[in-house]
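Please open the model in your viewer, switch to a cartoon display, and keep the selection panel at hand. The tour below moves from stop to stop, saying each time what to select and what can be found there.

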Amino acid sequence: MIDILLSLCIPVWSLGEGAPEESEKRDDAQRSTLFVEKPQSGTVSVGGNITFIAKVEAKDLLRKPNVKWFKGKWMDLASKAGKHLQLKESFERHTKIHTFEMQIIKAKENYAGNYRCEVSYKDKFDSCSFDLEVTGKVPFVFDLFFVNNSGEGQEDAGELDFSGLLKQEEPEVDVWDLLKNANPSEYEKIAFQYGITDLRGMLKRLKRMRREVKKSAAFAKGLDPAYQVDKGGKVRFMVELADPTVELKWYKNGQEIRPSAKYIFEHKGNQRILFINNCTMTDDARYYVTAGDEKCSTELFVRDPPILVTKGLEDTSSYVGERVELSCEVSEDDANVKWFRNGVELSNDPKSRYRIKVEGKKHTLIIEEAAKNDTATYSVMTTGGQSEAKLSVDCEPLKISLALEDQTVRLGQEIHLKCEISENVEGKWYKNGQLIEASDRVKLYHKGRSLSSQSSSYMSNLNNLSPFSDPPKLHLDGLGENNTVTVVAGNKLRLEIPITGEPPPKVFWSRGDKVHCHCRCFFSLTRSLFLQKITFSLLKTLVLMTEVRGDTLYLKICLVIDAAERDDSGAFRITLKNEAGEDTALINIKVVDVPDPPQAPNVTEVGEDWCIMTWEPPANDGGSPILGYFIERKKKQSSRWMRLNFELCKETTFEPKKMIEGVAYEVRVFAVNAIGMSKPSMPSKSFVPLGNPPTLLAVDSVTDTSVTMKWRPPDQIGAAGLDGYVVEYCFEGTDEWIVANPELTDKTKFTINGLPTGSKILVRVKAVNAAGESEPKYHPQPILVKEVIEPPKIRLPRHLKQTYTRRVGETVNLVIPFQGKPRAKVSWQKNGSPIDKNDINIRNTENDTIIFIRKAERGHSGEYDMKVEVENLVDKATIDIQIVDRPGPPEVVTIEDVWGENVNLSWKPPKDDGNAAITGYTIQKADKKSMEWFTVIEHYHRTSATINELVIGNEYYFRVFAENMCGLSEDATMTKESALIAKDGKVYKYPVYDDFDFSERPLFTQPLVNTFAVAGYNATLNCSVRGNPKPKITWMKNKVLIMNDPRYRMFSNQGVCTLEIRKPSPYDGGTYTCRAVNELGEAEVDCKLEVRGKGF
């Protein structure tokens, strides 16, 4: 693997590919350079890594600039980020430099080519091009990916070339098919083999897979049952709609998915596509898409990449009793690795003599004291590889660790010879090549690895060697406070204590009331070093030694404990005695060990995929304070425990999460101190996570024989999803709950039918999923089965309170909601007569009525009266429907006068205005010779017009179209006679006109209209008036003049008078009057305003 960091850049032009001369001519603002360091072209070997760096200075920038990376001219690399391509960015506050990196991982030959980096900030822009060259070839290696059956579930994220990908012949493995066809007992084996680390959705997903797929009217092609993708990869979901106008929504575990950098939506014809980039383990979930009322779902499995063995096991040879370690390294930290001995899996059980140690990527198998039967072939297996090695254990050759020493003694003195060998075996003594047998004169000893020979046939005269005496003394200066010695359980303790005394004192060791041993120290006149060993019970050894320091003879007593245990803790009393006196001291031995296991934990609370567990600290902390706890859990039917926390839990409570609903679990606890980790506690009692109950259960409606309930889904929906709800009821005073729906309902509303009138019932609802039924949600009070009379009330939509206008041929579909119980009766009339149901369709429901006209005609115009009756109570409403069409042509078009180049025309309005006001006229002319029509005037409002700039000598015909809101009339009315424009020489006599008197008293051309307003929403009253001189406008409410009231605003523009009432209340209702006054007279118009509450 090669890592190359490119930090230099080649010269590039800031704008396009133009020549430098052209670039220099451009404005400085357009060619502003933002880069302070640009990426440079580079070379990388196949399979290597390369990083390109771009840096932008942020001193003059208010926010982070936008940076894009491209391959070629069009491929945006942001959508290709994944396992082969990573885009990173960082910001250095001190230097104010933005750093952007593009890293290509495991480069391939088809990654070579030209790349471009663009940076922009507001109106500033800069770009840099660079090349990547990929050299060398590597042998083809097939990488096994998860793929779905349709081939749409996996895309190789980070691939930089669409055309260079070669199809691979190797068969693809669909793990989902393996799971569907496998025996349940093989699930864990398949999961480990193919890298599935989380089986939390398996039971639920298998159940959904076996359901029959119903044909869908909304989806021409739905989602596949399941998709698989590698961690860090990209997945593509695609559905094809039968109707492309249907609104589509995507969901993940019931939560709607919004577009983002991770979730990308695409539309291609009838296809709707969802891309998920950089998949992580949190993306392993259930997805579904809704189109109208239909739903299509699938499951996404995210697999960790295969764990590779980067450093394999090595063949090892060892000796009996030695510590053996077999180590390997894998590609990921804390990966799941299995060890085997001759093909049989090894467990990490505390009672096993094999111990497995994990340190990041390094995994080690430890055998503390190897035996000959440990000779075998050991192997390690991961999801992406394996390695094996042979271990050979032999007996260690004997070695002499302490050889015999030459000695010179006096005649009659005792001789003590000693040697030590590496193993505990019997030995033989020889003198001058002759075998020595034990006798009264010669004593032979064999203790552990020590061989001793002692001869006492010589005469001893020790009394003459002690010319003075010295009281014995223990030298305890090197010990800790209170003469305490601490040792870790299982380790060897060797405690040496110097003593003095003349003659050599006797040593007495005692623990409690029992004297373990005593000894007498001997030494020679030449003060040579000799050794004497005394063996305690329980393999505890006391060793006495001597040492010479200057002129002082120091004796050493040594306490050796080969393997310390907790029982060895306590006070040891040492007593020294000789002829000159005695000395005594207490030595405190403290053996620290791992703590005792805690008691079995208690599970105090259980949720849909979590629980809360508590436990008590261990009774014995092993002599060292408890640092924390590790927690493990497992499925009740499984033997594999899973660690839940990788950092010590300091408290005695913990909340495990991500469990499968409906599966029984057990938990246990390990205590940890400075020495190590205790044995596990006893498992807790098994518990089963269940789903949350529904929420907000309430009564929707009640009749004499039925009760309708409504509720909301649970606050949290776990990994097992939600299959539906069960509704149960019981009569007040009984305990027998009756299931109202034999089949699950996925709606949040249900009607319980067949109830006796006047009875009282209690209702509860349960949520159901693969784990079973949740806790019930109860309605707090009994419900009386008796319909309550509700007065009728028509809730007329606001747009129907004014004239409802439609064109001829359009569809009229009006929905008018109302309320009223029981059995509200709805009736319709048009202009006071019953409606012909063959012409107009009326459909009534319990809550609304619908009036439907497929193709509206002029005859459908009129006032429609709606009446709702509930027993003796009545409510009415009126709807004014106006069906409009294009108008007819004007009646007669007459040429009134011709003079010079001008023609004066007049006409009469059309008899048929199309049921709408005439908004204008369009006038056209045609030369008599060609009869080609040209528009002269459009949207003309008067019924007379003068046509100017006609060509002298030509003869013209004219025609006029009428126009309303639907458009121009189909036909036009043409002048019967033509108009001849006379040539020069003819004298035109201008007619004499009297001055026109424009004076006019006020006249309202558009009166006020009775209006309904909603409280809290601004309301306006409008009318139009004309008059000359311009009249003065005043407004009155209930005949009282409105002046200087901030709640009212008055406008007058081009004769249109407007009164705006700001946020009216019911008290603002009444009769409003608009008065117009000028010199010639006055005029008034009024209307009624009714203000209703927001609920109407």
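## Loops with unusual backbone angles

Begin by selecting Glu949, which lies in the loop between strand 73 (944–947) and strand 74 (955–964). This is a predicted model, and in it the phi of Glu949 is near 55 degrees, a positive value in a residue other than glycine. With a relative accessible area of 68%, Glu949 is exposed, because the cut-off for that class is over 50%.

Go next to Asn253, in the loop between strand 14 (248–252) and strand 15 (255–256). Asn253 is not a glycine either, yet its phi is positive, at about 50 degrees. Is Asn253 buried, partly exposed or exposed? Its relative accessible area is 36%, so Asn253 is partly exposed.

For the last of these loop stops, select Asn1028 and Pro1029 together and show their backbone atoms: the peptide bond that joins them is cis, with omega at about 0 degrees. Pro1029 itself is placed in the loop between strand 80 (1019–1028) and strand 81 (1032–1037).

## An antiparallel sheet

Now select strands 11, 13, 17 and 16, which in that order make up an open sheet of four strands with antiparallel pairing. Strand 11 (219–221) and strand 16 (263–268) are the edge strands, each of them pairing on one side only. Averaged over this sheet and with direction ignored, neighbouring strands are turned by 30 degrees against each other.

To look inside the sheet, restrict the selection to strand 13 (residues 235–241) and strand 17 (residues 271–276), an antiparallel pair joined by six bridges. A useful place to centre the view is Val235, since the residue that stands opposite Val235 in strand 17 is Ile276.

## A mixed sheet

The next selection is an open sheet of five strands, in the order 21-28-27-23-24, where the pairing is mixed. Strand 21 (316–319) and strand 24 (344–346) stand at the edges with a single partner strand each, so one side of each is left without a neighbour in the sheet. In this sheet too, neighbouring strands are turned by 30 degrees against each other on average, direction ignored.

Within it, isolate strand 21 and strand 28 (residues 386–394), which pair in the parallel sense over four bridges. Ser318 can serve as the marker here, and its bridge partner in strand 28 is Val393.

## Two cysteines

Select Cys279 and Cys419 in turn. Cys279 counts as buried at 1% relative accessibility, and Cys419 is buried as well, with a relative accessible area of 12%, because buried means under 20%. How many disulfides does a search of the whole structure find? The search finds zero.

## The largest cavity

Finish at the enclosed spaces, of which there are two cavities of 30 Å³ or more. The largest cavity holds about 80 Å³ of space, and the way to find it is to select Gly691, Asn692, Gly721, Leu722 and Asn769, which lie nearest its centre among the 15 residues that line it. Which strand gives the most to the lining of the largest cavity? Strand 56 (residues 760–769) does, with three residues. If you colour the lining of the largest cavity by class, you should see five nonpolar, eight polar and two charged residues.

How values were computed: Residues numbered from 1 in each chain as written. Predicted model: local features only at pLDDT ≥ 70, side-chain atom pairs only at ≥ 80, totals over all residues. Heavy atoms only, no water. 1 Å grid on protein atoms, 1.4 Å probe; cavity = no way out; pocket = protein on both sides within 12 Å on 5 of 7 lines; lining within 4 Å. Points joined across faces, edges and corners; volume = space filled by probe spheres on them. Helix = DSSP H or I, 4+ residues; strand = E, 2+ residues; numbered from the N terminus. Nonpolar A, V, L, I, M, F, W, Y, C, P; charged D, E, K, R; others polar. Pairing = 2+ DSSP bridges. Axes fitted to C-alpha atoms, helices over the stretch in contact; angles between N-to-C directions. Buried < 20%, exposed > 50% of the residue type's maximum accessible area, 1.4 Å probe, protein only. Disulfide = S-S within 2.5 Å.
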